[in-house]
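Me: I am new to this structure and would like to go through it step by step. Please show it first.

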Amino acid sequence: MTATVADAPAAAASNAPIPPKKFGPAIALGVIALLSLVIFGLGTASGASTTFVIARPTDFFKIPSFTLPSQLAAILLSVVGLALAGWTAYRANQRRKVGLWVPVVYGMAIMGALLTWAGAGRDATSIQLTGLLTSSLFLAVPLVFGALAGTLCERSGIINIAIEGQLLAGAFLAALVASMVGNPYVGLIAAPIAGALVGLVLAIFATKYWVNQIVVGVVLNMLVLGLTSFFFSTVMTENGDLNQPLGMPKLAIPLLSKIPVLGPVLFNQNLLVYILYVVVAVLQIMLFRSRWGLRVRAVGEHPKAADTVGIQVNRTRVRNTVLGGAIAGLGGAFFTVASGLAFGKEMTAGKGYIALAAMILGRWSPRGALAAALLFGFADALRAQLGAIGSPIPSQFLAMFPYIATIFAVAGLVGHARPPASEGIPYKK
Amino acid sequence: MKLELRGITKRFGDFTANDRIDLLVEPGTVHALLGENGAGKSTLMNVLFGLYDADEGEVLLDDEPVVFAGPGDAMAAGIGMVHQHFMLVHPFTVAENVMLGHEDVRGPAKLLDLDAARAKVREISDRFNFNVDPDAVIEDLPVGAQQRVEIIKALSRDASVLILDEPTAVLTPQETDELLGIVKDLRDAGTAVVLITHKLREVKAVADTITVIRRGKVVGTAEPSATQEELASLMVGRAVSMRVDKEDATPGDTMLAVDGLTVVDAAGIVQLDHVSFEVKAGEILAIAGVQGNGQTELTEALIGVVSPDAGSASLDGDVITGRSIKDVLLSGIGFVPEDRTEDGIVANMTIANNLILDLHDQEPYAKGFALQPKVIADEARKHVEQFDVRATSIEQTAGSLSGGNQQKVVLARELSRPLKLLIASNPTRGLDVGSIEFVHKRIVAERDAGAAVIIVSAELDEVVALADRIAVMYHGRIVGIVAPDTDRDTLGLMMAGAHQEEAA
């Protein structure tokens with residue numbers, strides 16, 4: 001007998017079976033990029049050109065608009081997509097995952113190729129690049145808040161399908177309270193309260209009565225939809241003062257907003273967007289580097305382990321679900337006071353579900369949620385831009401665009417993401 | 001610190017899991033709590049640890065009565081517990097797991113002080129020679145190392161009483177020896193250790209005091225000098241023979257031939273790695289190995305619950321991989337699954353219906369669309385009598401039976417078809433000694449009737465007692481097939497991945 005106990009771990013390491021390589025995502029990305037190359041790149045008339053406008057009349061530095069040969073631009077963007085597919089294959093060959101930047105940049109490149117193709121040869125129209133990015137960010141706002149809400153809940157083990165309802169409740173209460181007071185900023189205080197209440201109901205049913213969380217979430221969405229629609233068509237319709245379109249002005253941050261391209265995109269937005277930056281940064285740090293975050297993640301992964309070191313599992317879950325609801329509610333304010341619109345029936349239009357997708361694509365981290373939501377926001381903004389320049393694609397198909405992007409993103413183009421191990425499972429002692 | 005339990009009683013409904021249990025644990029000693037599965041050992045420790053509330057009785061620390069509302073209180077009082085199923089968060093590092101629940105923070109933002117946690121892990125790891133890296137992620141660590149992390153967790157909270165709940169169930173024999181060494185070191189450092197186990201060998205190796213419980217009651221105490229037979233009869237309440245009576249095998253033709261069987265799970269991990277072996281008619285091949293080394297996947301791939309990613313298996317010349325489960329079962333395979341309550345029976349259905357789960361759509365139990373209740377009931381009564389299932393009626397739900405009787409129902413069903421191959425996974429786990437003897441006798445009888453038999457077991461005693469040949473599995477591979485008289489040290493090393501030549 002020569003082997004000793006100390007050798008056992010070494011033997012274990014060398015005998016460990018090697019997982020197979022997974023090239024599925026890389027192949028899918030490659031195929032789509034090739035399609036983009038053929039349709040958008042080679043399909044564009046070779047003489048046509050696309051004009052991109054970057055500067056705005058108010059900019060400090062003037063960057064001239066530039067016109068690119070459409071075919072070249074579309075081919076280049078498709079090649080970027082192909083390169084990213086190649087990178088994904090290279091990483092898969094090493095059995096490693098790719099970072100979240102890959103699907104985000106990839107998505108934007110392919111959509112850019114689409115945009116170039118659509119804008120080709122339309123001399124009268126030009127692509128407003130800065131405007132496109134600004135509205136991407138703006139349209140991403142409810143998605144980011146929703147995805148953050150989902151991340152907070154799921155990290156603690158509660159599945160929050162009710163994001164849609166929380167957004168809608170936030171939008172409704174923000175409009176109502178802001179109209180009553182006559183100040184849109186008060187709406188920003190009211191919105192999280194509405195979302196938190198929806199979150200509280202979810203938390204109680206999930207932790208105290210162990211009801212299936214997906215079912216409760218869907219029912220809550222229906223409940224909020226019904227309630228808000230009822231009040232909209234009764235109280236708000238009879239008394240128009242209770243539902244006014246109040247807008248929040250854009251606040252340009254001195255100096256920062258003068259940076260070319262990024263300045264107007266990032267630093268000439270309204271208050272809700274600035275709150276968004278803070279919330280993402282704070283949650284990213286808190287979730288991964290604070291005592292609270294460590295405990296939350298432990299509760300979501302292995303609640304019994306958390307319990308045996310004295311952490312109150314269900315209390316943590318309730319707290320996170322209410323906090324998540326509040327954040328989603330705040331995101332709901334986007335639809336009314338932050339957009340300068342009055343409340344309308346069903347005005348969230350499924351954004352809560354897209355936010356769930358952003359949460360998954362963002363791999364349950366605030367930073368990832370932001371990046372994923374920006375991708376979806378870009379798809380949404382692109383749809384508007386394509387509609388504006390009179391694209392050859394029927395508008396119904398364009399309306400489907402963000403959702404198709406969502407399905408591809410979530411269907412695992414980025415590799416299988418692992419959710420918190422105990423999400424959706426009630427903790428019973 | 002001295003720990004004392006006085007008259008602890010814990011009931012679940014009508015069932016009394018702990019009945020007035022007294023226990024005294026002195027500092028610097030190892031106190032073994034010995035009992036069969038289901039005797040109430042774990043319940044008692046969960047009461048002590050604050051996970052359950054006791055219905056009666058009190059806990060005293062250094063003669064002061066204490067009440068624990070939850071595990072946090074127990075830990076603050078200096079009681080640490082290493083649970084049978086580890087309480088570790090898999091995606092976290094060792095340091096994060098150790099700090100969880102009593103985290104040090106630093107800086108104005110009060111962020112986690114991981115450096116302090118790392119230092120603490122290193123200090124304890126060095127003190128007891130644990131060789132644990134604070135930055136290793138738990139899911140990458142072997143089971144033995146995970147267990148040492150659990151001990152570090154307890155010690156980092158200054159536990160002066162350490163409870164180990166069935167700590168060796170998932171360890172290889174070598175890891176077990178290592179753990180017992182650690183237990184002795186801890187004792188010598190002044191810790192009071194409570195060792196919960198049903199394994200006599202371990203008790204005799206380290207215990208200073210032994211308390212035996214049976215059916216929730218303390219039935220006696222013993223000195224470590226007591227023989228294994230004495231301890232065993234105290235534990236089960238009657239004299240037991242530790243052997244299985246069987247004749248030598250008379251193997252016939254090859255019945256099952258497995259060739260390069262490979263299973264990759266959903267997460268992309270290879271669970272079964274090109275496994276090839278043969279089993280002949282009239283022999284028992286025991287598959288030994290620590291839990292989770294591919295045994296489950298092997299049995300499930302054979303009957304078709306999971307479809308193999310490569311390789312094939314054939315029964316008596318016919319390929320069985322890639323066919324439906326029903327097809328496979330009816331071609332002459334009996335299957336006793338490892339998790340009897342999950343996979344073996346339908347708990348809410350009657351014994352009679354459980355007995356025909358496999359044949360419910362076949363003559364004579366069904367004609368056309370209709371079941372034949374009378375035939376089913378007659379057959380059920382016959383089986384219940386043959387297999388000595390202790391039940392009030394065949395209409396009783398299977399879930400209301402004791403573990404041993406549930407297993408008899410499963411066996412009765414699986415042996416009711418003419419079998420060419422019987423696959424039994426941990427067939428005696430959690431059973432009382434009487435049922436174990438019965439199950440073993442039936443398995444040997446099936447062999448003698450000419451069937452090939454595969455037994456999967458994590459218990460080396462069972463493997464050695466039943467096997468005609470032993471195949472040892474490690475990390476999804478068969479590291480060797482050896483004779484049943486191979487010595488335990490060799491088997492143990494093979495279970496840790498060493499090949500037969502290296503191990504012997």
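Me: In which helix does Val218(A) lie?
Reply: This is a predicted model. Residues 213-238 of chain A form one helix, and Val218(A) lies within that stretch. The helix is H8 of chain A.

Me: Is Val218(A) buried, partly exposed or exposed?
Reply: Inside 10 Å, Val218(A) has 15 C-beta neighbours. A buried residue needs 20 or more, and an exposed one has 12 or fewer. The count for Val218(A) therefore makes this residue partly exposed.

Me: What distance separates the C-alpha atoms of Val218(A) and Ile163(A)?
Reply: Along the chain, Val218(A) and Ile163(A) are 55 residues apart. In space, their C-alpha atoms are separated by 9.5 Å.

Me: How many helices and strands does chain A have, and what share of its residues is buried?
Reply: The secondary structure of chain A includes five strands, and its helices number 16. Chain A has 429 residues, and the buried share of them is 51%.

Me: How far apart are the centres of the two domains in the assignment of chain A?
Reply: The assignment gives residues 24-125 as domain 1 of chain A and 130-377 as domain 2. Taken over C-alpha atoms, the separation of their centres is 31 Å.

Me: How do the axes of H11(A) and H13(A) lie to each other?
Reply: Helix H11 of chain A covers residues 291-301 and helix H13 of chain A covers 313-332; their axes come within 10 Å and cross at roughly 110 degrees. Angles from 65 to 115 degrees count as roughly perpendicular. H11(A) is therefore, relative to H13(A), roughly perpendicular.

Me: Which residues make the contact of H11(A) with H13(A), and how many of each class are there?
Reply: H11(A) brings Arg295(A), Val296(A) and Val299(A) to the contact, while H13(A) brings Val313(A), Thr316(A), Arg317(A) and Asn320(A). Sorted by class, the residues are two charged, two polar and three nonpolar.

Me: Where in chain A is Leu255(A), and is this residue buried or exposed?
Reply: Leu255(A) sits in the loop that runs from strand E4 (251-252) to helix H9 (262-267) of chain A. Its phi is positive, about 65 degrees, although Leu255(A) is not a glycine. Because Leu255(A) has 10 C-beta neighbours inside 10 Å, it counts as exposed.

Me: What is the phi of Arg363(A)?
Reply: Arg363(A) belongs to the loop between helix H14 (351-361) and helix H15 (366-388) of chain A. With 19 C-beta neighbours inside 10 Å, this residue counts as partly exposed. Arg363(A) is a residue other than glycine, yet its phi is positive, near 50 degrees.

Me: Which helix gives the most residues to the largest nonpolar core?
Reply: The core has 280 residues, and among the members that touch the most others are Val144(A), Ala174(A) and Val472(B). The greatest contribution to this core is 16 residues, and it comes from helix H5 (residues 129-155) of chain A.

Me: Which residues of H17(B) does Val472(B) contact?
Reply: Helix H17 of chain B covers residues 488-495, and its buried residues include Leu491(B), Met494(B) and Met495(B). Leaving aside neighbours within four places in sequence, the contacts of Val472(B) include Ala288(B), Gly289(B), Leu491(B), Met494(B) and Met495(B). From H17(B), the residues contacted are thus Leu491(B), Met494(B) and Met495(B).

Me: Why does Met495(B) count as buried, and which residues does it touch?
Reply: Met495(B) lies in H17 of chain B. It counts as buried because it has 25 C-beta neighbours inside 10 Å. Not counting residues up to four places away in sequence, Met495(B) touches Thr172(B), Pro173(B), Ala288(B), Gly289(B), Val290(B), Val472(B) and Tyr474(B).

Me: Where is the cis peptide bond that involves Pro364(B)?
Reply: Pro364(B) is placed in the loop between helix H12 (351-355) and strand E19 (366-367) of chain B. Omega is about 0 degrees for the cis peptide bond, which joins Pro364(B) to Glu363(B).

Me: How far apart are the C-alpha centres of domain 2 and domain 3 of chain B?
Reply: In the assignment of chain B, domain 2 is made up of 242-332, 419-427 and 451-504, and domain 3 is 339-416. The distance between their C-alpha centres is 27 Å.

Definitions and conventions. Residues numbered from 1 in each chain as written. Chains lettered and ligands numbered in written order. Predicted model: local features only at pLDDT ≥ 70, side-chain atom pairs only at ≥ 80, totals over all residues. Helix = DSSP H or I, 4+ residues; strand = E, 2+ residues; numbered from the N terminus. Core = buried A, V, L, I, M, F, W, Y, C linked by C-beta atoms within 7 Å. Contact = placed C-beta atoms within 7 Å. Axes fitted to C-alpha atoms, helices over the stretch in contact; angles between N-to-C directions. Parallel < 35°, antiparallel > 145°, perpendicular 65-115°, else oblique. Nonpolar A, V, L, I, M, F, W, Y, C, P; charged D, E, K, R; others polar. Domains from an automatic or database assignment.
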